[in-house]
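Student: I have a model open and some time to go through it. Can you take me through the side chains, the metal site and an interface?
Tutor: Yes, go ahead and put it up.

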Amino acid sequence: MQRVDNWVTRFEESVLALLLAAMTIVSFTQVVARYGFNTGWTGALEFTRILFAWLILFGMSYGVKIGAHLGVDAFIRLLPKKVFRVIAVFGAACGLLYAAILLSADWLSIFGIDTRGGAIDYWSRMYKIGIGLDDLRYPEFIQETFGTKERVQRWIAYLILPLGLTLFGFRCLQAMIAIIQGKQETMIAAHEAEELVAEHKDELKD
Amino acid sequence: SEGCDDGEIVIKFSHVVAATGHPKGDAATMLADRVNKEMDGKACMQVFPNSQLFDDDKVMEALLLGDVQLAAPSLSKFEAYTLKYRVFDLPFLFANLSAVDRFNSSEAGKGLLDSMQDVGYQGLGYWLSGLKQFSANKPLLEPSDANGLKFRIQTSDVAEAMIEAIGGNAQKLAFKEVYGALQTGVVDGQENTWSNIYTQKFFEVQDGITETNHQVLAYLLVTSTEWLNSLDDETRTQFLKITEEVTKAGNDAVADAEAKNRQRILEAGATIRELTPEQRAKWVEVMKPVWGKFQEDIGEDLINAAVASND
Amino acid sequence: MEAAVLFILVLGLLFLGVPIAISLGLSSVLAIAFFSQDSMSSVAIQLFTASQNYTLLAIPFFILASAFMSTGGVARRIIRFAIASVGHVRGGLAIAAVFSCMLFAALSGSSPATVVAIGTIAIAGMRQVGYSKEFAAGVIANAGTLGILIPPSIVMVVYAAATDVSVGRMFLAGVIPGLVAGLMLMTAIYVNARIRGLQGQPFAGFGEILGAAREAGWGLFLIVIILGGIYGGVFTPTEAAAVAAVYSFFIAIFIYRDMGPLKDIPWRRPGEGQAAAFVRNLGLIAWKFLPGCFHSDTKKVLVDSAKTTIMLMFIIVNALLFAHVLTSERIPQAITDWMIGAGFNWFTFLIAVNLLLLLGGQFMEPSGLLLIVAPVVFPIAIQLGVDPIHLGIIMVVNMEIGMITPPIGLNLFVTSGITGMSLIQVVRASLPFVAILFLFLILVTYIPGISTTLPYALMGPEIITNR
Ligand code: NA
Ligand code: NA
């Protein structure tokens with residue numbers, strides 16, 4: 001089990017590193033192409049922005065897993081241990097609820113709330129009409145070999161919405177269980193530099 | 001006026017320019033005023049300017065999802081849905097704004113409004129913004145002057161081909177970044193209407209503006225077929241009538257506004273260069289081959305109808 | 001009414017320790033479900049749109065550049081240069097620490113990064129020459145806040161994204177205030193040193209200044225790339241950030257060599273001729289270029305930067321969702337109408353903004369706070385004739401103060417973490433300097449010229465066509 005976990009973590013980190021590296025390299029090359037050679041790739045900007053969205057929407061579940069999402073714990077830390085744990089479970093449940101509603105809000109109608117749609121509905125509509133992105137096109141050999149349309153379909157870019165939210169909900173559920181079992185304290189980090197500080201913890205202590 | 005009463009059909013209009021002072025913003029405001037007055041009790045329109053709700057890309061998706069009922073993106077934004085609107089982008093196609101008006105009210109122009117019904121969109125009218133002029137950080141009198149310059153364009157294959165034809169390099173940039181990019185030299189020139197050149201102060205950071213009138217800038221007032229069909233006959237008829245009248249009134253005001261802003265640019269001390277017939281002929285000669293590239297996408301009859309509107 | 005429910009919901013969730021991003025996101029989603037005609041699909045559109053914002057795209061690049069620079073040992077070189085140039089005045093080492101923070105701030109977009117990078121070295125140095133630990137920690141915690149005022153700055157990028165003003169102008173606008181704030185801190189240290197009769201370091205000589213400058217220069221050249229690149233017309237601020245990231249990678253791996261495949265390989269071996277060293281290093285860089293790209297150190301920096309990006313951007317994206325809900329329910333407009341009706345003028349309005357931000361800064365991550373507050377106060381500010389760039393700088397300075405005031409202050413946490421001092425000790429230590437930053441806030445608030453002179457001289461006034 002531990003080995004699978006490590007493998008999954010390595011996979012997630014590699015994807016994140018790759019997305020960030022690709023964004024940087026494409027943007028950098030674009031500057032060089034324009035300034036140095038007066039040319040450029042029209043799809044570069046759209047491509048980079050899609051990678052950016054993938055980085056965030058894929059990474060948000062990884063953030064839950066490593067407990068990196070910021071929260072304010074100053075007040076709940078004043079409470080008795082047992083209450084604290086219940087509230088920590090509630091925090092993780094909020095994350096699960098967020099993902100569940102955003103994926104599809106239709107189930108809320110059970111409670112008489114009039115609302116509809118969500119990431120799944122949005123994605124499947126885009127899949128059905130099959131419209132393309134603005135600037136991103138398939139290279140010609142792919143168009144010819146696979147007989148695809150000229151433009152890359154929007155649903156491909158938007159795939160990360162249902163996917164990322166599902167993963168996010170799953171990680172929140174895991175955190176919830178871990179907190180109930182007492183394996184984890186909360187799902188939040190108290191401030192953005194926690195890890196940075198941990199690396200240099202008490203370096204200057206007397 | 002903005003709060004909608006219970007039972008009224010809510011019509012959300014999302015666009016990307018200021019609520020006043022821009023032909024599109026003004027027309028949207030005018031439309032909302034009339035709907036809210038004349039259709040009170042039946043419908044109520046809320047305008048969200050300045051990309052407050054959606055940008056031009058996402059607003060088309062929001063239309064399909066039913067979260068917005070009206071939008072007016074620039075015609076070049078429709079390339080993902082139909083290629084026929086490329087006719088408006090063809091350089092030196094229309095002689096002046098009245099020719100554009102004549103084409104729009106022709107059978108061919110009206111038929112073009114229905115060209116995206118299969119994807120679920122219905123065009124309601126063309127909202128003109130003006131004819132585009134070139135500007136650069138050096139004098140542009142002949143097409144060869146543009147050789148090797150970087151021009152900011154809106155996303156459009158036609159515009160890209162057009163810039164290529166004059167030996168320039170087409171660059172895409174967000175509208176709000178253009179001033180800074182022109183000033184610092186990220187790009188050398190741009191093409192836009194008098195009103196946009198004036199309100200964005202592009203003339204401050206350019207050598208001068210050449211009155212080329214090379215291309216029309218227009219928006220398409222668009223809604224979703226699903227929503228339009230959901231209205232009862234009486235409401236739809238009344239709504240469409242108001243839309244048509246506002247479209248006409250808005251377009252009639254555009255030529256005036258353009259002339260005024262051209263004058264203001266002059267008064268601000270900027271240089272405006274008019275082309276002699278010979279110089280103009282050279283621009284046309286260089287750019288006209290662009291038509292051929294897109295003839296298949298657009299359809300020859302449509303181009304002929306557009307050309308015919310010049311007489 | 002809806003507005004009240006929405007804000008109470010967010011605050012309630014925040015205090016219950018729900019992650020900031022989810023507090024904002026869940027409240028938005030519930031508001032749409034209960035109060036709005038909009039479908040959840042349009043919230044999904046917004047989520048994606050917010051995640052691919054072009055202006056915000058600069059943030060991961062600046063984070064990456066800063067990470068390469070921090071790991072790459074640039075801080076040590078900057079401190080050496082700072083001590084060589086100002087170490088000999090009274091209170092020299094503390095003044096050099098402030099100067100180092102200012103220089104590092106010009107490479108990094110974040111404040112805690114500045115505190116850790118400079119603090120871990122400079123605090124120890126200050127103690128060696130007789131400063132108390134408290135004094136040293138107070139200096140660093142405060143000077144570290146300059147990370148978000150001196151460009152590049154992540155907070156400025158967020159402000160620009162929220163209000164559609166230009167990032168370039170905001171960056172330029174931070175230069176003079178950053179210098180002023182730094183000088184104010186230095187002056188206070190100097191006065192303190194005179195009163196206490198502290199001496200400076202012995203002057204190290206111009207040779208040391210030059211030598212140190214040559215070493216630090218590789219890192220500091222990044223300032224030229226970022227600012228020069230934007231104003232010289234080579235690239236836009238987002239592209240500048242990408243170039244900065246690539247440059248920092250190159251410097252860290254191949255020039256400074258504190259990490260990566262060339263770690264500890266000297267530029268010049270004992271007895272090696274200049275030409276031979278040049279050829280050997282050139283070959284080495286070419287030979288190790290690809291290994292450098294795929295080295296485990298490089299991957300670690302990438303993963304760390306991705307983590308920071310995700311943590312920040314997840315808050316930002318949900319704050320944008322929240323702002324979207326506010327807009328579609330027309331809440332900012334209602335507040336604007338109310339404030340104008342209540343007779344606020346620009347003077348009292350700016351006091352209100354300062355109070356709101358100082359208070360909000362206690363609970364909210366700066367960028368998230370900015371994204372919620374900016375859409376509300378920006379239109380009011382414009383109506384009252386407040387300059388948008390000036391407003392942005394006021395907001396940034398407020399965020400700075402929020403970082404060093406209790407109960408919740410990022411720089412306080414970080415300083416306490418690296419020094420092993422208790423939070424209370426750090427608070428007490430930094431208090432005298434907080435007073436200076438408050439004075440600075442008043443200056444910046446009521447003298448717009450400090451912020452606007454430089455950007456408007458170089459780039460012309462900000463054109464407000466939006467809102
Ligand atoms: Na900075
Ligand atoms: Na604080």
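Student: Is Phe47(A) buried or exposed?
Tutor: Phe47(A) is partly exposed, because its relative accessibility is 29%. Buried means under 20% relative accessible area, exposed over 50%, and partly exposed in between, with a 1.4 Å probe and protein chains only. Note that this is a predicted model, where local features need pLDDT of at least 70, side-chain atom pairs count only at pLDDT 80 or more, and totals for chains, interfaces and linings use all residues. Residues are numbered from 1 along each chain as its sequence is written, chains are lettered from A and ligands numbered from 1 in the order in which they are written, and side-chain values use heavy atoms, with hydrogens and water left out.

Student: How many aromatic pairs are there over all chains?
Tutor: There are 37 over all chains. Rings of Phe, Tyr and Trp (its six-membered ring) pair if their centres lie within 6.5 Å; planes under 30 degrees apart are stacked, over 60 edge-to-face, and the rest tilted. Trp41(A) and Phe47(A) make a tilted pair, because their planes are at 50 degrees, with the centres 5.6 Å apart. Trp107(A) and Phe111(A) are edge-to-face, at 80 degrees and 6.4 Å centre to centre.

Student: And how exposed is Phe111(A)?
Tutor: Phe111(A) counts as exposed, at 58% relative accessibility, while Trp107(A) is partly exposed at 32%.

Student: New topic. Which residues coordinate the sodium ion (ligand 1)?
Tutor: Ala105(C), Ser108(C), Gly147(C), Ile150(C) and Pro152(C) do, each through O, at 2.2 to 2.4 Å. Donors are N, O and S atoms within 2.8 Å of the metal (3.2 Å for Na, K and Ca); water is not among the atoms, so sites may look incomplete.

Student: How are the donor residues spaced in sequence?
Tutor: The spacing is A-x2-S-x38-G-x2-I-x1-P. Ser108(C) is buried, with a relative accessible area of 0%, and Gly147(C) is buried with 0%.

Student: What about chain B and chain C, how many residues are in contact?
Tutor: 27 residues of chain B are in contact with 33 of chain C, contact meaning heavy atoms within 4.5 Å.

Student: Which residue forms a salt bridge with Asp38(C)?
Tutor: Lys12(B) does, with the closest N and O atoms 3.0 Å apart. The count between these two chains is one salt bridge, defined as a side-chain nitrogen of Lys or Arg within 4 Å of a carboxyl oxygen of Asp or Glu.
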